[in-house]
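User: I should like to learn how salt bridges and cavities are read from a structural model. Please take me through the present case.

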Amino acid sequence: MTNFQLTVLVEGPTDHAMVMTVIDALGLRDKAQIDIMSLGGKRNIATYVRSLVNDHDHKYVALVDADEASVADSRALARQQLGDPSIDVFCAVPTIEAWIFADPGFAKSAARNERASDMIDRAPLPETIPYPKQFAMNVFGSTRNYPFGRNFDVDVAAARSPSLRAFVEGITKLVGSDLDYEFPVSKLSDTRDVVSTLLRELPESKVVWKTMTGTRLNAGEVAKAIAEGTPLGNQYATELLRVARDLIARQANK
C-alpha cells in the first residue's frame with residue numbers, strides 16, 4: 001500500500017456508494033489510500049474546493065451530476081459551476097444513478113421482480129435514460145435496495161457510459177496505475193450503441209457530419225438520431241463504418 005492519498009468529493013450518499021463500487025471493481029485500493037467525501041451538493045463542493053491544491057502526497061477530484069448530455073460539455077460546465085478549481089472535475093451523465101445501469105448485470109442482480117428486470121433489458125444506453133433517479137426507484141423500489149457492494153463489470157460499464165469511462169481513466173491516471181480494462185464492444189447491444197456512445201464523448205455542438213444536401217449536423221443531433229434508429233442516424237453510422245473500413249484497409253496494405 002502506498003502512502004499516496006486520493007480524496008473523491010461527491011454530492012451525496014448514492015454517489016459515495018457508486019464511487020466506492022467503481023474503485024473496488026478497479027482494485028485501486030491496492031494503489032492508494034482513497035477517501036470518498038459526501039458534501040451534500042454542488043454548492044458545498046464549490047465552497048470546499050475553492051482553496052484545494054493537489055500535491056505529491058494528496059490529490060483531490062470532484063464528481064458531480066451533469067447538466068449537459070455531452071461528457072466534454074458537462075465537465076466544462078461543472079468546472080464553471082464549481083468556480084474553476086485547480087483539481088480535476090468529473091461528471092456523471094445525467095446523474096449518478098445512470099451509472100448503476102451501465103452494467104446491466106449489476107443492475108439486474110438487485111431488480112425487485114421480473115418486470116423490473118425486463119425494464120433494464122429495454123432501457124436505452126445509461127446516459128440517455130430520461131430520469132435515472134426515478135427509473136432506479138421503479139427498478140429497485142428503494143435506495144436501500146441499490147446493488148452496491150455486488151460485483152460490478154467495469155469493462156462493460158465503461159463501454160456503455162462515456163462519463164463513467166472518463167472518471168475511470170482520470171482516477172486511474174491520478175493514482176499512477178496502469179489502466180487494465182477492455183472495451184467490450186461485443187457486449188453493447190448493437191452498432192448503434194457503439195457509434196452513439198462514441199459521439200457523446202464529443203462536445204454536443206461540434207459539427208460531425210455534412211450531409212449530401214449540405215446540412216451540417218452536430219454530435220448531439222447525430223447521437224440522438226443513431227440511438228433512435230432514424231434513417232439519418234443509420235446513414236451516418238453506415239458512412240462512418242465504411243470510411244473506417246477503407247482507412248483500416250489502406251493502412252493494412254502500406
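User: How many salt bridges does a search of the whole structure find?

Analyst: A salt bridge is a side-chain nitrogen of Lys or Arg within 4 Å of a carboxyl oxygen of Asp or Glu. Searching the whole structure gives five salt bridges. This is a predicted model, in which local features need pLDDT of at least 70, side-chain atom pairs count only at pLDDT 80 or more, and totals for chains, interfaces and linings use all residues. Residues are numbered from 1 along each chain as its sequence is written, and side-chain values use heavy atoms, with hydrogens and water left out.

User: Which residue forms a salt bridge with aspartate 24, and are the two partners buried or exposed?

Analyst: Buried means under 20% relative accessible area and exposed over 50%, with partly exposed in between (1.4 Å probe, protein chains only). The partner of aspartate 24 is arginine 29, with the closest N and O atoms 2.7 Å apart. Aspartate 24 has 43% relative accessibility and is therefore partly exposed; arginine 29, at 29%, is also partly exposed.

User: What does the salt bridge between aspartate 65 and lysine 133 tie together?

Analyst: Helices (H or I, at least four residues) and strands (E, at least two) are DSSP runs, numbered from the N terminus. Aspartate 65 and lysine 133 meet at 3.9 Å, N to O. Because aspartate 65 lies in strand β3 (residues 58-65) and lysine 133 in helix α7 (residues 132-140), the pair ties together parts 68 residues apart in sequence. Aspartate 65 is buried at 12% relative accessibility, whereas lysine 133 is partly exposed at 43%.

User: Which other residue belongs to the network with Asp65 and Lys133?

Analyst: Glu97 is linked with Asp65 and Lys133 in a network of salt bridges. Between lysine 133 and glutamate 97, the closest N and O atoms are 3.4 Å apart. This pair links helix α7 with helix α4 (residues 96-100), which holds glutamate 97, across 36 residues. Glutamate 97 is buried, at 5% relative accessibility.

User: How many cavities of 30 Å³ or more are found, and which helix gives the largest share of the lining of the largest cavity?

Analyst: On a 1 Å grid over the protein atoms alone, a cavity is a set of points where a 1.4 Å probe fits but cannot get out; lining residues have an atom within 4 Å of a point. One cavity of 30 Å³ or more is found, and the volume of the largest is about 40 Å³. Helix α11 (residues 219-228) supplies the largest share of its lining, three residues. Among the lining residues are Leu199, Arg200 and Glu204.

Methods: On a 1 Å grid over the protein atoms alone, a cavity is a set of points where a 1.4 Å probe fits but cannot get out, and a pocket is an open set with protein on both sides within 12 Å along at least five of seven lines; lining residues have an atom within 4 Å of a point. Grid points are joined across faces, edges and corners, and a volume is the space filled by probe spheres set on the points.
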